[in-house]
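Please open the model in your viewer and keep the sequence beside it, since the tour below moves from one selection to the next.

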Amino acid sequence: MKKRILVVDDDSMNLTRTKIILGKEYDVLLADSGIEALVKLKGGKVDMVLLDIDMPGMNGITTFERMKEFAADIPVIFLTASGLEEDVHNAIKMGAVNYLKKPYRPQELLKRVAQEFEEL
Ligand SMILES: [Mg+2]
């Protein structure tokens, strides 16, 4: 069975693009907000989350804190716009070692996701 990845981003273009890249190898779920992400996480099995940090309403850091309350074991790769170093430091402090700078190249994304699954 394919691994299921939840991609969370308020940028619909990036959601669509990421689904196209990952869709050949993985089952991809999309959420355009932190709230929707939490609902989808509670609704079924998810093997990994790609989580945008900069989102209106509930940002990625808060979403991560909330999901840790009930889904602490799911690996998370944070997505961050280039140059937002503070976001990256915050993410690492929260225990998420992995992050990807947007925009990412397809091969880079596939490689990082595969590496993360291998380490589990
Ligand atoms: Mg964003």
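**A buried glycine and its surroundings**

Begin by selecting Gly-60, which is buried because 29 other C-beta atoms lie within 10 Å, where 20 or more are enough for that label; keep in mind throughout that this is a predicted model. Gly-60 has its place in helix 3, and, leaving out residues up to four places away in sequence, Gly-60 touches Leu-51, Asp-52, Ile-53, Met-55 and Phe-78. Add Leu-79 to the selection: 19 residues separate Gly-60 and Leu-79 along the chain, and their C-alpha atoms are 8.7 Å apart.

Next, show the strands, where an open sheet of 5 strands appears in the order 2-1-3-4-5 with parallel pairing. Strand 2 (27-31) and strand 5 (99-102) are at the edges, and each has a single partner strand, so one side of each lacks a neighbour in the sheet. On average, neighbouring strands of this sheet are turned by 20° against each other, direction ignored. Within the sheet, select residues 48-52 and 76-81, which are strand 3 and strand 4, running parallel and joined by 4 bridges; here Val-49 stands opposite Val-76 of strand 4.

Finally, turn to the largest nonpolar core, which has 27 residues, and colour Ile-5, Leu-6, Val-8, Val-49, Leu-50, Leu-51 and Phe-78, the members that touch the most others. Among the elements that each supply at least two residues of this core are strand 1 (4-8), helix 1 (12-22), helix 2 (34-43) and helix 5 (106-118). Centre the view on Leu-6, whose contacts, apart from neighbours within four places in sequence, are Leu-29, Ala-31, Ala-37, Lys-40, Leu-41, Val-46 and Val-49.

Notes
Residues numbered from 1 in each chain as written. Predicted model: local features only at pLDDT ≥ 70, side-chain atom pairs only at ≥ 80, totals over all residues. Pairing = 2+ DSSP bridges. Axes fitted to C-alpha atoms, helices over the stretch in contact; angles between N-to-C directions. Core = buried A, V, L, I, M, F, W, Y, C linked by C-beta atoms within 7 Å. Buried ≥ 20, exposed ≤ 12 C-beta atoms within 10 Å, placed from the backbone. Contact = placed C-beta atoms within 7 Å.
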